[in-house]
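Welcome, and please load the model in your viewer with a cartoon view and selection by residue number ready. We will go from stop to stop, picking something to select each time.

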Amino acid sequence: MTDSTTMLTALVRLRSSLQEAPLPLDVPDAEAHRVTRTEMIDQLEDYVIPRLTTIEAPLLTVVGGSTGAGKSTLVNSLVGTRVTEPGVLRPTTRSPVLVHHPDDAHWFGQDRILPDLERTTRATGDPSALQLVAARTVPQGLAILDAPDVDSVEERNRTLAGQLLAAADLWLFVTSAARYADQVPWDFLKQAAERSTAVAIVLDRTPPEAVETVSTHLARMLSSRGLKDSPLFAVLEGTVDEDGLLPAAAVADVSGWLGSLAADVDARAAVVRQTLEGAIRSIARRAHTVADAVGEQAAATDALRADAVSVYDEAVEAVSRASADGTLLRGEVLARWQEFVGTGELLRSLESRVGRVRDRIVNTVKGKPQQVERVTVAVESGLETLLLEHAEAAAERAEASWRSVAHGRSLLEGGPDLGRASRDFRRRAERAVREWQQDVLDMVRSEGADKRTTARFLAYGVNGLSVALMVVVFAHTGGVLVGAEAGIAGGSAVLGQKLLEAVFGDNAVRRLAERARKDLQTRVEALMAEELERYLRLLDALGVQEGAADRVRDAARRIDDERFALRSVEGGQPA
C-alpha cells in the first residue's frame, strides 16, 4: 500500500466526491449521515491522505479518554517533564499538545497530519491550534499527542477529541477505576474496533487492592468488544511530585512498551499499517452508506422541484384557459366593449350573411377614441387581476406542498414568505399586459399598412381594431370562433371577429389571433417562471448535484479495487 499512487488518487477522488455531496435537507437520518460524512472527510484530510504520503513519519500516539482520568499527568510523566497542563477546572479549553523528538520536527508541519490545525509552540486556549513541543526524552520515531476529554461537557472539546483520535496511528486510551465502564469512551472504542485502529488501554489512578479485579473486568469488556488483542496497562494510584509527575516506576510499563515500538521499525510499521488499512477499509465501506444518503437527498430535492414546477405549470394552464374561454369577456371588459361596438340590432344582424354584415358594420359601429381607451384599460385591469389571482393561488399551493414534508418545512423556515406572490408581481404583471397590448397594436398596424386609407380601416382605427383583436383572443376556443356563440360575451367576441374580417379578411384574422394568443401565453409563462424561480433558487442553493451519489460510489469501488489489487500483490487477503 505504501507505494500505491493509484490508491492515493482514489482516496483524493473520494474526498472530492464527498465534499461535493452535501446533505442539506432534513430527511430522516440526515443528521447522522452528515456526521458520518464529516468524519470521513476529516479523517481523509487529517490522517489517511497525509499518512499515506508520509508513511515513514513517526508513530502518532494520541492519548485520549474520560474526564479526570489523568491523561495530561500521564503524558507529562511519560515525557519526564511538564509539557501539558492538567485541567483543574472542567471543562478545560486549550490547544492539544503534540510532543516529539527534536529531530522529528519536520514531520509535523502544517502540510502534514492534522493540516487544518494551526501550529504553535506555546500554550494557548485556542482549540484550533496544535501546540508542538520538542523533547529529547521522547524517542525518535514516536510522537505523543494529549487530546481533550472524549466526554467533555463542551461540544467543541468532544469534537476535537474525536478528530484527533481519528488521526491517530495508535490510541492510548486512559481510564480509571472509577470511570472505565462509562458509555461515551466505549463508543469511541467501538469505532476504533470497527476501523481496526491500534489501541492500548491504560487503567490509571487505580488503588493497588483494586487492580486485579478492575483489570480482569476491563479485559473481559475489551474482549467482548473486539479489542482482546489490545495491550492493557495499570498505573497505580500514587502521589505526584512538585512538578506534577508520577514516579517513573509507575509508568515504566507504558513507557517501555512505547519505547520498544519506536525502536522497532517493523513493529512500528505494523501498527501504522493496521490502523491505516483499517481506516481506508472503513471509509470505503461507509462511503456506500453516505452515497445512499446523497441519493435520498437528490430524490427529495427532485420531488420538491417537481411539486413546485407542477403547481406553476397548472397556474399557466389555468390562466391560459381563463383568458381564452370567454371568462374575461364579462364585467367591466364586456361593459366597455359594448359601449364601443353597441348591442341589440348589430348583434342580431350577425346571424345574417357575412358579406352583408361587413358592408353594414362600417356605418353601425359607434365607438369613439375615448371608448376604445376604456376598453383597453378594462382589458388591462382584467388580465392583471387574473394573473395576480393565479400567482397568489400557485404560491399558496406550492408552499403547502413543501410544508407537507419535514424537509420542505425546514427549507422554508427563516426565508422569504413564498406563500404569497412576489411583492413586485403586480408591477411586473402590469408591465407584461401593457407590453402585450402594445404588441397587439403593432400587429394591427403592421397588418393594415396598405389599408390605412380605406374607409373601413379609418372607421375603426388602429386602436379600435387592436381592441377587437384582444376580444377575439379572449374567446379563442378552437383557434378562432366559428359561428355565433351563445350568450352576450360570445356574441361580443363574434362581433370583434367580424370587425377584423371586414378590414383584413378571414385568413389574416386567424393568423393575427394566433400570434396574439401565443404572445400572451409566452408572457404568462415568463411571469410564472419568475415566481417559480423563487422556489427553485432555494433548491439550487442546497448544492445537491446530479450524479453525486454515483460519484461517491464509484470512488469507493475504486478504493476497494485498489485494496484487493495491492493485497494480491502482497500475497494476502484484503483487510
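Is Arg-205 buried, partly exposed or exposed? Select Arg-205 and turn on a surface to see for yourself. With a relative accessible area of 40%, Arg-205 is partly exposed; buried would need under 20%, and exposed over 50%. Keep in mind throughout that this is a predicted model.

**Stop 1: around Arg-205**

Widen the selection to residues 198–206, which make up strand 7, the home of Arg-205. Eight of the nine residues of strand 7 are buried, so the strand is largely enclosed by the rest of the structure. Now look at the backbone of Arg-205: phi is near 50 degrees, a positive value in a residue other than glycine. Most residues other than glycine have a negative phi.

**Stop 2: the neighbour, strand 6**

Next, select residues 170–176, strand 6. Strand 6 and strand 7 run parallel and are joined by seven bridges. To check the register, label two pairs: Leu-172 stands opposite Ala-200 in strand 7, and Phe-173 has Ile-201 of strand 7 as its bridge partner.

Which residues of strand 6 lie on each side? Show the side chains: Leu-170, Leu-172, Val-174 and Ser-176 are on one side, with Trp-171, Phe-173 and Thr-175 on the other, and all of them are buried. In a regular strand the side chains alternate between the two faces of the sheet. Seven of the seven residues of strand 6 are buried, so strand 6 is largely enclosed by the rest of the structure.

**Stop 3: strand 1 and on to strand 5**

Add residues 59–65, strand 1. Five bridges link strand 1 to strand 6, and the two run parallel. Val-62 has Trp-171 as its bridge partner in strand 6, while Gly-64 stands opposite Phe-173.

Strand 1 also pairs with strand 5, again through five bridges and in parallel; here Val-63 stands opposite Asp-146. Select strand 5, residues 142–146: five of its five residues are buried, so strand 5 is largely enclosed by the rest of the structure. Leu-142, Ile-144 and Asp-146 point one way, and Ala-143 and Leu-145 the other.

Then add strand 2, residues 97–100, which runs antiparallel to strand 5 and is joined to it by four bridges. Val-99 and Ile-144 are bridge partners here.

**Stop 4: the whole sheet**

Zoom out. Eight strands form an open sheet with mixed pairing, in the order 3-4-2-5-1-6-7-8. Strand 3 (118–120) and strand 8 (232–236) stand at the edges, each with a single partner strand, so one side of each is left without a neighbour in the sheet. From one strand to the next, the twist averages 25 degrees.

**Stop 5: the largest pocket**

How much space lies in the largest pocket? The volume is about 610 Å³. Of the 23 residues that line this pocket, Glu-39, Thr-159, Gly-162, Gln-163 and Phe-188 are the closest to its centre, so select those five to find the spot. Helix 2 (30–53), helix 4 (155–166), helix 5 (183–194) and helix 8 (265–322) each give two or more residues to the lining. Helix 4 gives the most, with seven residues. Colour the lining by class and you will find 10 nonpolar, eight polar and five charged residues.

**Stop 6: the nonpolar cores**

Select Tyr-312, Trp-337, Leu-383, Trp-436, Phe-474 and Phe-504, the residues with the most contacts inside the largest nonpolar core, which has 74 residues. Elements that give two or more residues to this core include helix 8, helix 12 (369–403), helix 14 (425–447) and helix 17 (506–540). Another core, of 68 residues, lies apart from it, with Val-48, Leu-98, Leu-145 and Ala-548 among its members.

**Stop 7: two last residues**

Select Asp-29, in the loop between helix 1 (5–19) and helix 2. Asp-29 is exposed, with a relative accessible area of 57%, and has a positive phi of about 65 degrees although it is not a glycine.

Finish at Ala-400 in helix 12. Ala-400 counts as partly exposed, at 47% relative accessibility. Draw a distance from its C-alpha atom to that of Leu-418, 18 residues apart along the chain: the separation is 9.9 Å.

Conventions:
Residues are numbered from 1 along each chain as its sequence is written. This is a predicted model: local features need pLDDT of at least 70, side-chain atom pairs count only at pLDDT 80 or more; totals for chains, interfaces and linings use all residues. Side-chain values use heavy atoms; hydrogens and water are left out. On a 1 Å grid over the protein atoms alone, a cavity is a set of points where a 1.4 Å probe fits but cannot get out, and a pocket is an open set with protein on both sides within 12 Å along at least five of seven lines; lining residues have an atom within 4 Å of a point. Grid points are joined across faces, edges and corners, and a volume is the space filled by probe spheres set on the points. Ala, Val, Leu, Ile, Met, Phe, Trp, Tyr, Cys and Pro count as nonpolar, Asp, Glu, Lys and Arg as charged, and the others, Gly among them, as polar. Buried means under 20% relative accessible area, exposed over 50%, partly exposed in between (1.4 Å probe, protein chains only). Two strands pair if DSSP finds at least two bridges between them. A nonpolar core is a set of buried Ala, Val, Leu, Ile, Met, Phe, Trp, Tyr and Cys residues joined through side-chain atoms within 4.5 Å. Axes are lines fitted to C-alpha atoms, for helices over the stretch in contact, and angles run from 0 to 180 degrees between N-to-C directions.
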